[in-house]
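Me: I'm new to this one and would like a close look at a single part. Could you start there and then work outwards to what's around it?
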Amino acid sequence: MKFNTKVIHGGQHHEKVTGAVMTPVFQTSTYAQSSPGQPVGDYEYSRAANPTRQALEDALASIENGARGLAFSSGLAATDCLLRLFKAGDEIIAMDDLYGGTYRLFTRLYKDSGIKFHFVDMNNMAQFESLINENTKLVWVETPTNPLMKLADIQELAKITKKHNLLFAVDNTFATPYLQKPLDLGADIVMHSATKYLGGHSDVIAGALIIKDKALGDELHFKQFATGATLGPMDSYLVLRGIKTLHLRVQRHCENGMKVAEFLSNHPEVAKVFYPGLPDHPHYAIAKKQMNGFGGMVSFTFTSGKKEDAIAFLEKLKVFTLAESLGGVESLANHPALMTHASIPEDKRWEVGITDDLVRLSTGVEDIDDLLADLEQAFR
């Protein structure tokens, strides 16, 4: 199947008993057994497996071309499950620009675990490879990154990780599988905050891992089952429903994102625009190479460089909603330094470029004229 068909039919089947076209919400915690240890079907307890969650996981595997999909209670829960593969003495190399929650998980929750984290510009291949040693086990990349829209060349990184026999994981939240398929480009694992574009309607918190190797997928499923961070059936249903319109929504996100980026690039109060679809973006060539579009996320800074100007702008918005998160049908605006990335120490934020005048926009699917008019009035 091609992608637009996969999001609707990939890995999906009509419900066996009634023939229901849409997967029912199996709102149950347990399942009847005919004899001790002999369940009637394939299900025993919903922490291990649930038919609604299984349908979502099959869809996730289909749209990312993986062997197994796993659905979690959040994106951070998915990331945490992956980290449970490692032990004291292991080392992980991560991209230097990360979602604030991921950075917090790496540097604060795991600070006493004995796992060592390195943060590096993944476009400096020599520096990246110099950090690899016999203790290195995982490479973690966001592309595009949150919130600076940096990109990493997945194919080139995969050549290095394969040479050193390392696991390679890609946070594909911003791009979605509609725009980018990391497993096809050489990655081993894909992570999504399914709260964002996969769900698409700002009504669910969810995460996902999609794994290329079935044996590794089975190992991660055991860790998920043993620790319990599974996604409930109703939330699974909402993400599954969201996936069915992913292609349609992301098309409009991309169209609106490009027009917003172009508008901002020509505005006298804007100093810099971060959007991979602009030819002056430093990683534009990578975006053209590995993405099928440029997405709906746009960040920018002010010519004044003042935090006060960013805050005043955000307070004036009317169509864009000032809120955390992204990827919903509605447009959202965010101040990373005070909101999504506040957990990163100030010196680290400034080191990677998250300044106090940086604004991040998640362009929704509204009429573009209304979005541009809202931005214009907020600058006044």
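In which loop is P147 found?

Reply: P147 is found in the loop between β6 and α6. These labels are DSSP runs numbered from the N terminus, with helices being H or I runs of at least four residues and strands E runs of at least two. A word on ground rules: this is a predicted model, where local features need pLDDT of at least 70 and side-chain atom pairs count only at pLDDT 80 or more, while totals for chains, interfaces and linings use all residues. Residues are numbered from 1 along each chain as its sequence is written, and side-chain values use heavy atoms, with hydrogens and water left out.

Back to your loop. The peptide bond from N146 to P147 is cis, with omega near 15°. P144 sits in the loop between β6 (136-142) and α6 too, and the bond joining T143 to P144 is also a cis peptide, at an omega of about -5°.

Now for the wider setting. An automatic or database domain assignment sets the bounds, giving domain 1 (3-242) and domain 2 (247-379). Their C-alpha centres are 26 Å apart. Each domain puts 42 residues into the contact, where contact means heavy atoms within 4.5 Å. On the domain 1 side, the elements giving two or more residues are α1 (3-9), α4 (100-109), α6 (154-163) and α7 (176-179), so the helix after your loop is one of them. By class, that side has 20 nonpolar, 15 polar and seven charged residues; Ala, Val, Leu, Ile, Met, Phe, Trp, Tyr, Cys and Pro count as nonpolar, Asp, Glu, Lys and Arg as charged, and the others, Gly among them, as polar.

About 3,300 Å² is buried between the two domains, and carbon and sulfur atoms give 60% of that. Buried area here is the accessible area (1.4 Å probe) that two parts lose on being put together, summed over both. L148, L179 and Y197 supply 22% of the area domain 1 buries against domain 2, more than any other three residues.

There's one salt bridge between the domains, meaning a side-chain nitrogen of Lys or Arg within 4 Å of a carboxyl oxygen of Asp or Glu. D153 makes a salt bridge with K289, with the closest N and O atoms 2.8 Å apart.

H283 is worth a stop as well. You'll find it in the loop between β10 (270-274) and α11 (284-290). Leaving aside neighbours within four places in sequence, H283 touches N123, K150 and L151. Its relative accessible area is 14%, so H283 counts as buried (buried is under 20%, exposed over 50%, partly exposed in between, with a 1.4 Å probe and protein chains only).

One last oddity is in helix α7, where T176 lies. T176 isn't a glycine, yet its phi is positive, about 70°. At 1% relative accessibility, T176 is buried.
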